[in-house]
Amino acid sequence: MIQAIKRSISRKIMLLVLATTLTALLVSAIVSLLYDMRTYQKSLVNDLVTQADLLGRVSAPALEFADPKAAQENLAALRVRPMVTQAALYAPNGQLFASYFRAGNDRTGLPKTLQPEGFRIEGDRIAVFHHVADDRDLIGTVYLEARYGQNERLKSYLLILAAMTATSLVVALGISSWLQAAVTKPILAVADGARDVMQRRDFSVRVEKTTDDEIGLLVDAFNDMLHEVGQRSQALLASNRTLQEEMQERRAAEEALLAADRRKDEFLATLAHELRNPLAPLSNSLAILRLAGGNETAASAARSIMERQLKQMVRLVDDLLDVSRISTGKLALRAEPVVLQAVVSDAVETVSPLIEARSHTLDVALPEQPVHLRGDATRLAQVFANLLGNAAKYTDPGGRISFGASTDGAQAIVKVADNGIGIPPHMLGNIFNMFTQVDGSLERTQAGLGVGLSLARHLIELHGGTIEVHSGGTGQGSTFIVRLPLTPPVDAPEPAKDDGAIAPAGPRHRILLADDNVDFAGTMATLLREMGHEVRVVHDGLAALEAAGAFQPEFAFCDIGMPKLNGYDLARRLRALPALQHTVLVAITGWGQEHDRERAHAAGFDRHVVKPITFEQLLSLLEVRRSA
Ligand code: ADP
């Protein structure tokens, strides 16, 4: 198409130049031909008339004296005029007086009769009749005939015209090619640029400006337009790219959300299952207790079942709280110097019942020298107990579990290995993610909430360590390796003294119990009375405030969500009573988040305990003493 444009523009310019040249040439040639022919005829006639006049004058005496011989001689002088072919002198009566014929000319061609004065043209001949007169009278007539020569003149004129036209066309061609360079080149450059843009979508193309005329203006406009379109298309491309990236990010985020949602659903199902599990033995044990009557053996068996199941539930709820602390970034350590062996012994003690119940053999190999670390002993024990518990859970009964610790440079290395069901390779990368559990019927029956390993990794990382897993695959057993930084040994720390304000209390106390859960308050009161304490029970905040004034308890165990006056307001009002300056205020509540703890302390509570409260916790609480 561009090629066609190219040819068409060049051809048009060429045709324009040639047509203009030809037209101009033809018009001027025709005009000058007509003019020339007319001028030629005029000058020829003038010439012949002058010649005839001269002949008349010279031959006048011969005519007057009737001397044809002299006249003949005068006519013979026409030999020097080659164009004159014949001539004659006539007497006034019209009779031929003398004649002249150019050699080779037909002698019969003279007019028989006289014609009026003037000229005539016949074919290629021109003839002039001219009167000869003396003063008044006509004495004769001169006749001159010559070759007109107009055809030859026309021929040579046309030849010259042809040569001129050819030369002009050559010159015109030269001009047209110059014009092409000057005019079509910039236009074709614009067309080439347009083609490049169309074919390659390349808006960086620019056409070189060679002239400052209208074409230069066109080139500028074209370049500006390309610049503008280029910028817009760049902006469009960029925004397309951003849109695509955003779409990808959104898709990834959606997928991550869906995956998290799926994991959460699975987790909730597991949670419901795990929380319901201990309920059946608990309710069975309650029935046993009701029926057991005096059968102390059955009652004690039922109690230990209840204790175990309760512990299991408490552990689940603790794990959940830890999960929440992790997701809010509030999982903090109480770091202090610890000895690895002591931590391991705690963990082993916790898991021993499960290991025994599943008839596993546990080999523990620890260095003889104490291994010193800095960390939170409870949390480290939780991690090792979790690893050992998993080894026990995910190994068929009668398996082998080994717990080994060693040091390597500045690191303590702990390995927990089992010969259990192992972990398939595709799960190894996910095992430390929250709510991840390897599928399978055995695992499902044994599984917990799928948060233990995730918690373990967070806790180990908080200690500046790492945890990794190795397994040959399903049925090949698993090995977990924990690395922790060692610290130089330090002297055993003084036992902590609860910021010095609280000191151990005596054995019998006045205790105020405020809780709108009548069953909880009732059972707690029974327990405390069994332990020998004096207990006052109330079920709302205002009653608690009233009772406290009169009773002046050493301990007030208060729920937070209570009718009439909530636990926080109650604590503030109790703290304001001078008589209760020494009272230890304990919040016993179902709200166990970090900010609940902080709020309780801010309101004036000395301790914040999450339900259910164990007997051991109760004992240690009663050892707390407050000095105002
Ligand atoms: P769970 O409460 O399910 O035990 P964990 O986070 O402790 O949660 O473990 C996550 C999953 O990792 C488990 O459900 C189990 O499938 C797998 N797992 C953990 N420890 C072992 C092990 N020693 N052997 C085989 N599988 C294990």
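1. Two strands are said to pair here if DSSP finds at least two bridges between them. In this predicted model, strand β11 (residues 466–471) and strand β12 (residues 478–485) pair in the antiparallel sense, with six bridges between them. Within that pairing, T466 stands opposite R483 of β12. The two strands form a hairpin with six residues between them, and G473, which sits in the turn, has a positive phi of about 120°.

2. The side chains of β11 deserve a look in the viewer. In a regular strand the side chains alternate between the two faces of the sheet. Along β11, I467, V469 and S471 point to one face and are buried, whereas T466, E468 and H470 point to the other face and are not buried.

3. The hairpin belongs to an open sheet of five strands, arranged in the order β7-β9-β10-β12-β11, in which the pairing is mixed. The edges of this sheet are β7 (361–365) and β11, each of which pairs on one side only. Neighbouring strands are turned against each other by 15° on average when direction is ignored. Helix α7 (residues 340–357) packs on the sheet and touches β7, β9 and β10, and the direction of α7 makes about 180° with that of β7.

4. Further along in the order of that sheet, strand β9 (residues 400–408) and strand β10 (residues 411–418) pair in the antiparallel sense over eight bridges. One residue pair that can be located directly is G404 with K415, the latter being the bridge partner in β10.

5. A second group of five strands also forms an open sheet, in the order β14-β13-β15-β16-β17, and here the pairing is parallel. Its edge strands are β14 (534–538) and β17 (607–610), each pairing on one side only. Neighbouring strands of this sheet are turned by 20° against each other on average, with direction ignored. Between β15 and strand β16 (residues 584–589), which run parallel, there are four bridges, and the bridge partner of F555 in β16 is V584.

6. Which strands of the parallel sheet does helix α12 touch? Helix α12 (residues 518–530) packs on the sheet and touches β13 (510–514), β14, β15 and β16, with its direction making about 175° with that of β14. Helix α13 (residues 541–551) lies across β13 and β14, and runs at about 170° to β13.

7. The contact between helix α14 (residues 567–576) and helix α15 (residues 594–603) can be described in some detail, since their axes come within 8 Å and cross at roughly 25°. Because angles under 35 degrees count as roughly parallel, α14 is roughly parallel to α15. On the α14 side the contact is made by Y568, A571 and R572, and on the α15 side by D596, R599, A600 and A603. By residue class, the contact divides into four nonpolar, no polar and three charged residues.

8. Helix α2 (residues 68–76) has A71, N74 and L75 as buried residues. Viewed down the axis of α2, the buried residues fall within an arc of 100°, so they line one face of the helix. K69 and E73, on the other side of α2, are exposed.

9. Is Q51 buried or exposed? Q51 lies in helix α1 (residues 2–64), and it counts as buried because its relative accessibility is 16%, where the cut-off for buried is under 20%. Leaving aside residues up to four places away in sequence, Q51 touches L78, R81 and L144.

10. Two loop residues should be checked for their backbone angles. Most residues other than glycine have a negative phi. R201, although not a glycine, has a positive phi of about 50°; R201 is found in the loop between α3 (150–200) and α4 (214–276), and is exposed, with a relative accessible area of 57%. K564 is likewise not a glycine and has a positive phi of about 70°. K564 is found in the loop between β15 (555–558) and α14, and at 66% relative accessibility K564 counts as exposed.

Note on methods:
Residues are numbered from 1 along each chain as its sequence is written. This is a predicted model: local features need pLDDT of at least 70, side-chain atom pairs count only at pLDDT 80 or more; totals for chains, interfaces and linings use all residues. Side-chain values use heavy atoms; hydrogens and water are left out. Axes are lines fitted to C-alpha atoms, for helices over the stretch in contact, and angles run from 0 to 180 degrees between N-to-C directions. Angles under 35 degrees count as roughly parallel, over 145 as roughly antiparallel, 65 to 115 as roughly perpendicular and the rest as oblique. Contact means heavy atoms within 4.5 Å. Ala, Val, Leu, Ile, Met, Phe, Trp, Tyr, Cys and Pro count as nonpolar, Asp, Glu, Lys and Arg as charged, and the others, Gly among them, as polar. Buried means under 20% relative accessible area, exposed over 50%, partly exposed in between (1.4 Å probe, protein chains only). The arc is that of the directions from the helix axis to the C-beta atoms.
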